[in-house]
Amino acid sequence: MSATQDMHIAAAALLEGRLDDPFAWLGLHGDGTERVVRTFQPGAEGVTLLGANGNEIAQMDEQAPGIFVGAAPEGAGYRFRIAWPGGETQETEDPYSFGPVIGDLDLHLFSEGRHWNLARAMGAQPRTIEGIEGVAFSVWAPNARRVSVVGDFNNWDGRRHPMRLRHDAGVWELFVPRVGPGTHYKFEVAGADGSVIQKADPLARQTEKPPATASIVSAAPDFAWTDEDWMEERAARHAPTAPISIYEVHASSWLRPEGDPNGHFGWRALADRLIPYVSEMGFTHVELLPIMEHPFGGSWGYQPLSQFAPSARYGSPEGFAAFVDACHREGIGVILDWVPAHFPTDAHGLARFDGTPLYEHADPREGFHQDWNTLIYNLGRREVAGFLLASAMWWLETFHIDGLRVDAVASMLYRDYSRNAGEWVPNVHGGRENLESVEFLKRMNSIIADRCPGAITLAEESTAWPGVSAPVAQGGLGFNYKWNMGWMHDTLQYVERDPLYRSWHHDELTFGLVYAFSERFVLPISHDEVVHGKGSLIGKMPGDRWRKFANLRAYLSLMWTHPGKKLLFMGCELAQEAEWNHDTQIGWELLDRPEHAAIQRLVRDLNRLYASEPALHARDADPSGFDWIVGGDAQNSAFVFARYAPDAPPVVVLLNMSANPLHGYEIGLPRAGTWQEILNSDADIYGGANIGNGGRVHASPAPAYGQPASARVTLPPLAAVLLRHEGTNHL
């Protein structure tokens, strides 16, 4: 075949977007005095070949539409001067004059699924190569026929910048000179199935604000952190013996800008408002619903497509870093919800990325999530597992995130999760356990423990899978904490019942103590409990308005005194009466009503007591920190239990879940002497009737209920009373 025929074939492939090996034809080719330079500049009026120092070498010939060819002298560096219609000129180096841009080690680590700094190696990396500033673009698409980078620098024309394939890794790459941060781009992928689709960069560090879908070139955040003290103290703050009380927040709908009910506060404005509130309320941590970029706001972030980019709804990556830093300066930890279980099917995202099921399983029995109409990551593929592990490290290391709450862990652990017989594929042993996901979670927790001292992981896991929070070395999954979904379900079911019928369901409040120390638990009243027709937290309470609020006060008091760390979704502390609606803000106007402000005050005081009383937190995960005193009084719907901590006074909790006050009620107490009433949810400051014990209880050394001392007390209706031992009774 002649050189002319070769040129026509290559030119046709280029013009039709089929050129799969652009470096074999574009750029500088030949040797000696027969060297030619080829470039494709569709729409250009002319292209001049310049030397490295800007001197004019030759006017290039247009040998086919947009294809310019010129002779180049031996040894000369070169660049182009392009004349565009309207008199505009552009000077640029030739992308096809540069060698490979990704190192062999980076590609090897990526292929092995263990490149923890993946977002600093692939995607869109601003770089200087041979003294020329530009961006090194790369993307994994091993089965694609052709991949091009497109953007506002080439009129989104997929013919302009086809990429080089690094065959061993299936990664396409190209250095584009004279573009930089702020450039909008995508990858145009000619798929194995014949499709041609523009895809967002899976490794994008910044994105357009939805509903726009382009990725944005962004340098790795270069932020001046001021949180050294926090980072040094973090491990102690996250220990099982520490008080951890988490405020769960959807960043868009916590508070809206005044006069803009559909607007979003940026990170700086959110920090100015949220951080003082969280601090005043006594929460130790903020947990943000997923802030990774997601196309559909109604998913609340749980269908993310950009696992490395903070959502543009709230500002820049540097703005997010500043938010985290500001939280740390005020002693508040930041936990992110993170979703490695599934991803949405949007065409510009990961679905059939190279024309094949690349990130997802091919078989819909493994790869399609029926509940959420999403695709399931193929965690058995090294590159996919490594991609997600690199995402976890990106948030923890780059943004100093203190913890990841891993969403939908139960759906990851079981192959038959929410599937009928015949709708799932057994594992290699014929079982229902998802062995690949189990290995992924163990590996994730091991890597985080090794690389991110003091950071924690929390599992949203609703089954009896053993050892979720046990160390990996002991056969566990390695999470630091597990959400106690059983406690949440049982106690809400109990508290929704009319007090008249609670005596027949007494065990719904006591059963959680049977397994309370089998894991390190968080007690979650999360967003999932106040949406989709479930009603608000106050709305679940039975009876008239007074009883509803009394029930809520008693329930919150139980939650804060029960073993386990705490999590409360925003708005619950206001006794918000409507279900959470992500399109509005929470009901701040309710604080003008005394009964709602009183609930907020109770949550604040419970947080402060939880933090200040070691008995209420130091043995949250230790059975020696809890003792039933009265656990079987179903007739009165009464409960009495003690909490203990080393070198600290015990706290005894009296809980009356009936609508009747109990006067002269005999209880056992761990010690004789004076017990101070440190909280009474029926106090008038919380909206109650002020029934109680005059601020203290005197215990005699007469044994009762297995305790060495006893007293007769008053238990207000639908209320909790907390007693702390103060010392010997001298009366």
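Strands are DSSP runs of at least two residues, numbered from the N terminus. This briefing covers a predicted model. The topics are its pockets, its cavities, some strand pairings and a surface patch. The largest pocket holds about 590 Å³ of space, and the largest cavity holds about 280 Å³.

**Second largest pocket**

- The second largest pocket encloses about 260 Å³ of space.
- Its lining counts 20 residues, and those closest to the centre are Gln 90, Thr 92, Arg 160, His 161 and Val 176.
- Four strands each give at least two lining residues: E2 (36-40), E7 (78-83), E8 (89-92) and E13 (171-177).
- Strand E8 contributes the most to the lining of this pocket, with 3 residues.
- Sorted by class, the lining of the second largest pocket has 10 nonpolar, 5 polar and 5 charged residues.

**Largest pocket**

- The largest pocket has 26 lining residues.
- Nearest the centre of the largest pocket lie Trp 300, Trp 372, Asp 407, His 527 and Asp 528.
- Helix H8 (residues 409-413) supplies the largest share of this lining, 3 residues.
- The lining of the largest pocket splits into 10 nonpolar, 8 polar and 8 charged residues.

**Cavities**

- The model has 6 cavities of 30 Å³ or more.
- The largest cavity, at about 280 Å³, is lined by 25 residues.
- Closest to the centre of the largest cavity are Glu 366, Ile 376, Ser 411, Tyr 414 and Asn 434.
- Helix H6 (364-367), strand E23 (368-369), helix H8 and helix H9 (435-451) each provide at least two residues of the lining of the largest cavity.
- Helix H8 therefore appears twice here, under the DSSP numbering of helices: in the lining of the largest pocket and in that of the largest cavity.
- By class, the lining of the largest cavity has 11 nonpolar, 9 polar and 5 charged residues.
- The second largest cavity holds about 140 Å³ of space.
- Of its 17 lining residues, Thr 213, Glu 293, Leu 305, Ser 306 and His 348 sit closest to the centre.
- The lining of the second largest cavity has 8 nonpolar, 6 polar and 3 charged residues.

**A sheet of 3 strands**

- One open sheet has 3 strands in the order E22-E24-E23, and the pairing is antiparallel.
- Strand E22 (342-343) and strand E23 stand at the edges with a single partner strand each, so one side of each has no neighbour in the sheet.
- Strands E22 and E24 (residues 374-376) run antiparallel and are joined by 2 bridges.
- His 342 has Ile 376 of strand E24 as its bridge partner.
- Ile 376 is also among the residues closest to the centre of the largest cavity.

**A hairpin**

- Strands E3 (residues 46-51) and E4 (residues 56-59) pair in the antiparallel sense over 3 bridges.
- Thr 48 stands opposite Gln 59 of strand E4.
- The hairpin of E3 and E4 has 4 residues between its strands.
- Gly 54 in this hairpin takes a positive phi near 95°.

**A nonpolar surface patch**

- Leu 500, Tyr 501 and Trp 504 form a nonpolar patch on the surface.
- Together these residues have about 440 Å² of accessible area.
- Tyr 501 lies in the loop between helix H10 (485-495) and helix H11 (507-510).

Conventions
Residues numbered from 1 in each chain as written. Predicted model: local features only at pLDDT ≥ 70, side-chain atom pairs only at ≥ 80, totals over all residues. Heavy atoms only, no water. Patch = residues over 30% accessible without salt bridge, like charges linked within 9 Å, V, L, I, M, F, W, Y side chains within 5 Å. Areas by Shrake-Rupley, 256 points an atom, 1.4 Å probe, with all protein chains shown as cover. Salt bridge = Lys/Arg side-chain N within 4 Å of Asp/Glu carboxyl O. 1 Å grid on protein atoms, 1.4 Å probe; cavity = no way out; pocket = protein on both sides within 12 Å on 5 of 7 lines; lining within 4 Å. Points joined across faces, edges and corners; volume = space filled by probe spheres on them. Nonpolar A, V, L, I, M, F, W, Y, C, P; charged D, E, K, R; others polar. Pairing = 2+ DSSP bridges.
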